[in-house]
Amino acid sequence: MKYLMILVVILGSVQVTAAQSRAEKKQKKKELRAESFQELKEFFEGRNFRFVADWADTQKGRRINLMSNPNSYIQKGDTINANLPYFGVAQVATMSGDVGINVENMLLEGESIKYNEKKFRLVYSFKVNSTRGEMLSCVFTIQANKSATLSVRSTQRNMISYSGKVSHLESD
């Protein structure tokens, strides 16, 4: 009986220790996410970054791997250069060979940045004209770990989303 009581006390103390460590781990994880979110805010302040898409998601549900397909989105302040492939339906067809989403040295309009402190992400939205003359409404959702989703709505095509990573723009 004496050994049984000692065993119950030992097991009880192990359970309390494990519960404390779980709570501590959860708190530590939350603190790390908050710290990386603060770094993301500082990273994003200058708006000099590069986005490279790994995946494209069409409005009809197709998911296309872009890892072997060259693409880029570069933002320097309020000017962007983008060359992203487009997979989807165009409502207004052009006869030029320009089928992707291409933007060259265009200024952004209607910029908006919203920080979601609870989910540790930021939502950055803006409008820009493409080289084809279509108005593009873009929404970036960037997580604290710098994974990002870029959703593009066009006046002439169906919506498409790109998933990838943002990184610092290397100085030339």
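**Exercise 1. Decide whether E134 and R157 are buried or exposed, and describe their pairing.**

Step 1. Classify the two residues. E134 and R157 are both buried, where buried means under 20% relative accessible area, exposed means over 50%, and partly exposed lies in between (1.4 Å probe, protein chains only).

Step 2. Look at the contact between their side chains. E134 and R157 form a salt bridge with an N to O distance of 2.7 Å; the term requires a side-chain nitrogen of Lys or Arg within 4 Å of a carboxyl oxygen of Asp or Glu.

Step 3. Place the pair in the chain. The pair links distant parts of the chain, 23 residues apart: E134 is in the loop between β7 and β8, and R157 is in the loop between β9 and β10 (160–168). Strands (E, at least two residues) and helices (H or I, at least four) are DSSP runs, numbered from the N terminus.

Step 4. Check for shared partners. R132, E134 and R157 are joined into one network by salt bridges that share partners.

The model is predicted: local features need pLDDT of at least 70, side-chain atom pairs count only at pLDDT 80 or more, and totals for chains, interfaces and linings use all residues. Residues are numbered from 1 along each chain as its sequence is written, and side-chain values use heavy atoms, with hydrogens and water left out.

**Exercise 2. State how many salt bridges the structure holds, and describe the one between K41 and E117.**

Step 1. Give the total. The structure holds 5 salt bridges.

Step 2. Give the distance. In the pair K41 and E117, the closest N and O atoms are 2.5 Å apart.

Step 3. Locate the ends. K41 belongs to helix α1 (residues 2–45) and E117 to the loop between β6 (109–116) and β7 (121–129), so this pair links distant parts of the chain, 76 residues apart.

Step 4. Compare exposure. K41 has a relative accessible area of 15% and is therefore buried, whereas E117, with 45%, is partly exposed.

**Exercise 3. Describe the surroundings of D57 in strand β1.**

Step 1. Find the salt-bridge partner. D57 pairs with R63, the closest N and O atoms being 2.9 Å apart.

Step 2. Classify both residues. D57 counts as partly exposed because its relative accessibility is 21%; R63, at 47%, is also partly exposed.

Step 3. List the contacts, meaning heavy atoms within 4.5 Å. Not counting residues up to four places away in sequence, D57 touches R62, R63, I160, S161 and S163.

Step 4. Set sequence against space. D57 and S151 are 94 residues apart in sequence, and their C-alpha atoms are 9.2 Å apart in space.

**Exercise 4. Compare the settings of F49 and N158.**

Step 1. Assign each residue to its element. F49 lies in strand β1 (residues 48–58), and N158 lies in the loop between β9 and β10.

Step 2. Compare accessibility. F49 is buried at a relative accessible area of 1%; N158 is buried at 16%.

Step 3. Compare neighbours, leaving aside those within four places in sequence. F49 is in contact with F43, F44, Y73, I74, Q75, F140, V166, S167 and L169. N158 touches Q59, Y86, V89, Q91 and V152.

**Exercise 5. Describe the largest cavity and the residues that line it.**

Step 1. Define the term. A cavity is a set of points, on a 1 Å grid over the protein atoms alone, where a 1.4 Å probe fits but cannot get out; lining residues have an atom within 4 Å of a point.

Step 2. Count and size. There is 1 cavity of 30 Å³ or more, and the largest cavity holds about 40 Å³ of space. Grid points are joined across faces, edges and corners, and a volume is the space filled by probe spheres set on the points.

Step 3. List the lining. The residues are Y73, I80, A82, L84, I101, V103, V128, L136, C138, L150 and V152.

Step 4. Sort the lining by class. The lining has 11 nonpolar, no polar and no charged residues. Ala, Val, Leu, Ile, Met, Phe, Trp, Tyr, Cys and Pro count as nonpolar, Asp, Glu, Lys and Arg as charged, and the others, Gly among them, as polar.

Step 5. Sort the lining by element. β4 (79–84), β5 (101–107), β8 (135–143) and β9 (147–154) each supply at least two residues, with the largest share, 3 residues, coming from β4.

**Exercise 6. Summarize the chain as a whole.**

Step 1. Count the elements. The chain has 1 helix and 10 strands.

Step 2. Give the burial. Of the 172 residues in the chain, 33% are buried.

Key:
1 Å grid on protein atoms, 1.4 Å probe; cavity = no way out; pocket = protein on both sides within 12 Å on 5 of 7 lines; lining within 4 Å.
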